[in-house]
Amino acid sequence: MVLFKREYLIEKVLLALAGLSFVSIAIMVIFLAAEAGPALAKVGVKNLFFESTWQPNDGRYGLLVFITGSLLTSIGGMLLGAPPALASAIFLTEISSKRFSKILTGFIELLAGIPSIVFGWIGFTLIVPIIRDKTNTPGVGILAAAMILSMMILPTITSIAADAIRSVPDSYKQASLGLGATRWQTIRRVTLPAAKRGITISVILGLGRAIGETMAVAMVIGPASVFAKSLTTPTHTLTTKILIEMGESWGLHRSALFVMALVLLTISMGLIYSINHFLGKEDY
């Protein structure tokens with residue numbers, strides 16, 4: 001009887017905590033939607049999302065520049081960071097010894113714990129000057145931001161992809177080797193296809209990490225509220241624009257910044273939905 005009451009109490013506590021998570025997300029969505037409402041109503045969806053001019057003093061709140069900057073920096077970070085991250089996951093699980101793998105995993109986990117401001121400072125003092133000297137440009141821009149993001153997402157993708165590869169049954173590998181396949185053929189044609197769902201999820205989570213990054217990107221992106229003329233000229237992202245202008249904004253200006261936050265939340269929710277899609281998808 002006592003055990004039954006204890007289990008009942010634990011069940012209710014867990015249910016309350018799960019409900020609290022749902023309520024927190026609902027409050028966040030409602031708050032952002034309410035704050036973004038004035039800009040959506042008065043400026044209009046077309047002027048917000050399909051215009052590129054950002055001049056709050058003149059009543060122009062085009063977000064296209066910042067949406068484009070966020071997408072370009074995130075995609076650039078993925079292109080630079082995902083291949084070495086996946087290569088690291090393969091090396092840790094399929095090639096290196098257990099002892100060395102454990103040591104290298106510790107360094108990767110340490111990289112994940114470095115504050116974003118440190119990455120931003122490294123980019124500002126090391127990467128930007130190198131780009132400036134090599135290209136004879138200001139050095140800041142999408143390229144510098146993408147390089148910083150690639151380092152920041154590497155531990156996320158590596159850790160999750162490595163777990164996915166480790167979850168592949170040994171019987172798959174043994175069967176492949178027994179049929180005469182080499183180790184590399186087994187990795188490429190058996191292990192990676194079997195782990196593709198987990199690897200895909202790791203890349204999606206890495207993309208979410210890149211899109212939401214603020215401080216590190218703000219230190220190397222520019223800033224400038226215009227489209228980047230090249231990979232090495234200043235621009236802005238949604239997160240950096242919110243960071244720089246929220247403290248001094250009011251009225252429609254402030255509401256337009258909340259529209260940016262709502263866009264970021266929508267993208268994050270879309271990524272989470274896609275993860276659930278892959279988790280629920282069966283391989284046949």
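Read along the sequence, the chain runs α-α-β-β-α-α-α-α-α-α-α-α-α-α. That gives 12 helices and 2 strands. The model is a predicted one. Its C-alpha atoms fill a box of roughly 70 × 70 × 35 Å along the principal axes. The chain has 284 residues, and 37% of them count as buried. The exposed area comes to about 16,200 Å². Carbon and sulfur atoms supply 68% of that area. Contacts were also sorted by their separation in sequence. Among those between residues at least 6 apart, 70% join residues at least 24 apart.

Nonpolar side chains in soluble globular proteins tend to be buried together. In this chain, the largest nonpolar core holds 27 residues. Trp54, Leu63, Phe66, Leu238, Val259 and Met260 touch the most other members. Two or more residues of this core come from each of α1 (2-42), α3, α9 (196-212), α11 and α12 (251-279). Helix α12 gives the largest share, 11 residues. Val259 illustrates the packing. Beyond its neighbours within four places in sequence, Val259 is in contact with Ala36, Ala39, Leu40, Leu48, Phe49 and Leu63. Another core lies apart from this one and has 21 residues. Its members include Ala85, Phe119, Ile131 and Leu154.

The loop between α10 (215-218) and α11 (238-245) contains Thr235. Ala228 is found in the loop between α10 and α11, and so is Thr237. Thr235 is buried because its relative accessible area is 2%, under the 20% limit. Leaving out residues up to four places away in sequence, Thr235 touches Val65, Ile142, Ile221, Gly222, Pro223, Ala224, Val226, Phe227 and Ala228. Thr237 is likewise buried, with a relative accessible area of 2%. With residues up to four places away again set aside, Thr237 touches Phe66, Gly69, Ser70, Thr73, Val217 and Ile221. Phe66 is also listed among the core residues that touch the most other members.

Ala228 is partly exposed, at 27% relative accessibility. That value falls between the 20% and 50% limits, so neither buried nor exposed applies. Beyond four places in sequence, Ala228 is in contact with Ile142, Thr233, Pro234 and Thr235. Ile142 and Ala228 both appear among the residues touched by Thr235. Ala228 and Gly69 are 159 residues apart along the chain. Their C-alpha atoms are separated by 7.9 Å. Gly69 is also one of the residues touched by Thr237.

Helix α3 holds Ser74. Ser74 is buried because its relative accessible area is 2%, under the 20% limit. Residues up to four places away in sequence aside, Ser74 touches Leu149, Leu207, Ala210 and Ile211. Ser74 and Arg183 stand 109 residues apart along the chain. Their C-alpha atoms are separated by 34 Å.

Asn136 is found in the loop between α5 (116-135) and α6 (142-166). Asn136 is exposed because its relative accessible area is 74%, over the 50% limit. Its backbone also deserves a note. Most residues other than glycine have a negative phi. Phi of Asn136, however, is positive, near 55 degrees.

The surface was also searched for pockets. The largest pocket has a volume of about 200 Å³. Helices α3 (64-95), α4 (98-112) and α7 (170-178) each give two or more residues to its lining. The lining has 13 residues. Leu92, Thr93, Lys98, Ser101 and Arg166 lie nearest the centre of the pocket. Helix α4 gives the largest share of the lining, 4 residues. By class, 2 lining residues are nonpolar, 5 are polar and 6 are charged. Helix α3 thus recurs in this description: α3 gives two or more residues to the pocket lining, and α3 gives two or more residues to the largest nonpolar core.

Technical notes. Residues are numbered from 1 along each chain as its sequence is written. This is a predicted model: local features need pLDDT of at least 70, side-chain atom pairs count only at pLDDT 80 or more; totals for chains, interfaces and linings use all residues. Side-chain values use heavy atoms; hydrogens and water are left out. On a 1 Å grid over the protein atoms alone, a cavity is a set of points where a 1.4 Å probe fits but cannot get out, and a pocket is an open set with protein on both sides within 12 Å along at least five of seven lines; lining residues have an atom within 4 Å of a point. Grid points are joined across faces, edges and corners, and a volume is the space filled by probe spheres set on the points. Ala, Val, Leu, Ile, Met, Phe, Trp, Tyr, Cys and Pro count as nonpolar, Asp, Glu, Lys and Arg as charged, and the others, Gly among them, as polar. Buried means under 20% relative accessible area, exposed over 50%, partly exposed in between (1.4 Å probe, protein chains only). Contact means heavy atoms within 4.5 Å. Accessible areas come from the Shrake-Rupley method with a 1.4 Å probe; for residues, only the protein chains shown count as cover. A nonpolar core is a set of buried Ala, Val, Leu, Ile, Met, Phe, Trp, Tyr and Cys residues joined through side-chain atoms within 4.5 Å.
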